[in-house]
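Work through the exercises below with the sequence and the 3D view open. Try each task before you read its solution.

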Amino acid sequence: MSLLDDVAERDGWRCWVCDETVDPDMSVNDPRGPSVDSRTADRKAKVAERLAHRGCNTRKGAVKVVIGWPERLHVVEPAPLITVAGRLERKGGREMVARCPTKQDAQQAADWLVDRFSRLVPGLPVTAGIEAGGGQFLVILATGRR
């Protein structure tokens, strides 16, 4: 198997940038086709190569990528997920990542975050909690040291 196939199988054929599926039969020259992202802005990254769509990989270039929060989630002041992932991976602990107007909104955000982090930082056991405070609900990610 090639490096592309190995990385793609490990990542479940999902683009690490946009979190959408990558079609294994698409041409590697097509923007939605598979590519291996091995140029990260973070030299200390534990995962040297990740699967990305050719277009996502080209757009991000050699700069730090921004992982977007879905528009369907009602969050206020969402944290930059790449930065949060890096801190949790290095230090462990807890980090507040968003504020939500209702408990249901916070639960949806928490569920999405745990699912997204399972692919963003494979092998990092992340849990999400919700704490009420000041008429809003805080979404908190936590992990132990790796």
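Axes here are lines fitted to C-alpha atoms, for helices over the stretch in contact, and angles run from 0 to 180 degrees between N-to-C directions. Contact means heavy atoms within 4.5 Å. Helices (H or I, at least four residues) and strands (E, at least two) are DSSP runs, numbered from the N terminus.

This is a predicted model: local features need pLDDT of at least 70, side-chain atom pairs count only at pLDDT 80 or more, and totals for chains, interfaces and linings use all residues. Residues are numbered from 1 along each chain as its sequence is written, and side-chain values use heavy atoms, with hydrogens and water left out.

**Exercise 1. The sheet**

Task: find the strand order in the open sheet, then place α3 and α4 against the strands.

Solution.
- Step 1. Strands of a sheet pair through backbone hydrogen bonds, either parallel or antiparallel. Two strands count as paired if DSSP finds at least two bridges between them.
- Step 2. Three strands form the open sheet, in the order β3-β5-β4, and their pairing is antiparallel. β3 and β4 (127-133) are the edge strands, since each pairs on one side only. From one strand to the next, the twist averages 30 degrees.
- Step 3. Look at β3 and β5: seven bridges join them. In this pair, G93 stands opposite T143 of β5.
- Step 4. Add the helices. α3 packs on the sheet and touches β3 and β5; its direction makes about 155 degrees with that of β3. α4 lies across β3, β4 and β5, at about 20 degrees to β5.

**Exercise 2. The core**

Task: say which residues of the largest nonpolar core touch the most other members.

Solution.
- Step 1. A nonpolar core is a set of buried Ala, Val, Leu, Ile, Met, Phe, Trp, Tyr and Cys residues joined through side-chain atoms within 4.5 Å. Buried means under 20% relative accessible area, exposed over 50%, partly exposed in between (1.4 Å probe, protein chains only).
- Step 2. The largest core has 37 residues, and W69, L113, F117 and L120 touch the most other members.
- Step 3. Elements that each supply at least two residues include α1 (3-10), β2 (50-53) and α3 (81-91). The largest share, seven residues, comes from α4.
- Step 4. Zoom in on L113. Not counting residues up to four places away in sequence, L113 touches W69, L81, V97, V139 and L141.

**Exercise 3. Buried or exposed?**

Task: decide whether N57 is buried or exposed, then do the same for K64.

Solution.
- Step 1. N57 is found in helix α2. Its relative accessible area is 8%, so N57 is buried.
- Step 2. Check its surroundings. Leaving aside neighbours within four places in sequence, N57 is in contact with S35, V36, D37 and A52.
- Step 3. K64 is in the loop between α2 (54-60) and α3. K64 counts as exposed because its relative accessibility is 52%.

**Exercise 4. Salt bridges**

Task: how are R119 and D115 placed along their helix, and what distance separates their closest N and O atoms?

Solution.
- Step 1. A salt bridge is a side-chain nitrogen of Lys or Arg within 4 Å of a carboxyl oxygen of Asp or Glu. The whole structure has nine.
- Step 2. R119 and D115 are four residues apart in helix α4, so about one helical turn separates them. Their closest N and O atoms are 2.9 Å apart.
- Step 3. Both belong to a salt-bridge network with R14, D19 and R116.
- Step 4. Compare R87 and E95, whose side chains meet at 2.3 Å, N to O. R87 is partly exposed at 30%, whereas E95 is buried at 15%.
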